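Me: I would like a close look at one part of this model, with some context for the whole chain.

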Amino acid sequence: MNASERIIVALDVDTEAEARAIVDALGDMAPIYKVGLQWLTTAGPAPMRELIAAGKQVFLDLKLFEIPNSVAAAVRAAGRQGVAMVTVHASAGSAILHTAVDAARPWPALKVLALTVVTSLGDADLREVGIEAGVDVQVLRLARLAEAAGCHGVIASPREVAMLRAVLDPRMLIVTPGIQFVGDAAAAPGRADTPAHAIGAGASHVVLGRTITQAADPRAVFVAVRDEVERAWRNAPRNN
Ligand code: C5P
């Protein structure tokens, strides 16, 4: 995997023109796009199919948390579209995680990623919904659940990556959104951090949206992120 293949560009857009402008600007440079609820609800699956037909990998961020029958059906639908990665909430529990993994089996290239704790949440948010454990403890608990259920990886914030890399099977992917590039990561809301810190701590992938997609020159920002990822990777504990 080269450094570009560790960067997932989030296509959080409202119009086809915006999506096209970003994909065209990045060209061959960016191999993976995250398609989430905003763009999927706006445009349906056609643009996603177009991306896949053009040789891109699609990370379909469905954040599934449903009854097993519905989760399995959604994962199979993702597999039929040729999606590379699909997300399910780990807090849905191990039965649902197992269901998602089983549903993905006919598509060996489809990876099921379990979302631990949404990166904008903190300890107080968890307490509000009855979870007394702090974010770290909850992320670790959910990541272990996901691993035991056979998920291919987890989603967590950059701040939990080192903890997870130390305990998870080295083959587990650790995908980190909440990435701030230049600018002051410490001032960012939630649990954000830089690509260098995330990859340096052992993340396999970083997700960047607005930093790249709203840049005056998305290509230049992508190159800068890629260089940072490349440097950080050389010194990172591993692997995946
Ligand atoms: O903030 P940005 O535009 O880079 O967000 C890209 C994606 O990362 C979003 O689609 C969202 O799902 C995820 N994200 C996150 N936690 C954050 C910020 C973004 O999970 N703090």
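What does the accessible surface of the chain come to, and what share of it belongs to carbon and sulfur atoms? Then take helix α7: which of its residues are buried, and what covers them?

Reply: The model is predicted: local features need pLDDT of at least 70 and side-chain atom pairs pLDDT 80 or more, while totals for chains, interfaces and linings use all residues. Numbering starts from 1 along each chain as its sequence is written, and side-chain values use heavy atoms, without hydrogens and water.

The accessible surface (Shrake-Rupley, 1.4 Å probe; for residues, only the protein chains shown count as cover) is about 10,700 Å², and carbon and sulfur atoms account for 52% of that. Of the chain's 240 residues, 50% are buried (under 20% relative accessible area; exposed is over 50%, partly exposed in between; 1.4 Å probe, protein chains only). The C-alpha trace spans about 45 × 40 × 35 Å along its principal axes.

The chain has 11 helices and 8 strands (DSSP runs numbered from the N terminus: H or I, at least four residues; E, at least two). Helix α7 covers residues 135–148, 14 residues in total. From first C-alpha to last, α7 reaches 20 Å, close to the 20 Å expected at 1.5 Å a residue (1.5 Å times one less than the number of residues).

Buried in α7 are V135, Q138, V139, L140, L142, A143 and A146. Their cover includes helices α5 (94–104), α6 (123–128) and α8 (161–167), along with strands β5 and β6 (153–155) (contact: heavy atoms within 4.5 Å). Just after α7, G150 has a positive phi of about 95 degrees.

Of the covering strands, β5 (residues 111–115) pairs in the parallel sense with β4 (residues 85–89) over 5 bridges (pairing needs at least two DSSP bridges). Within that pair, H89 has L115 as its bridge partner. Both β5 and β6 belong to the barrel of 8 strands, closed in the order β1-β2-β3-β4-β5-β6-β7-β8 with parallel pairing.
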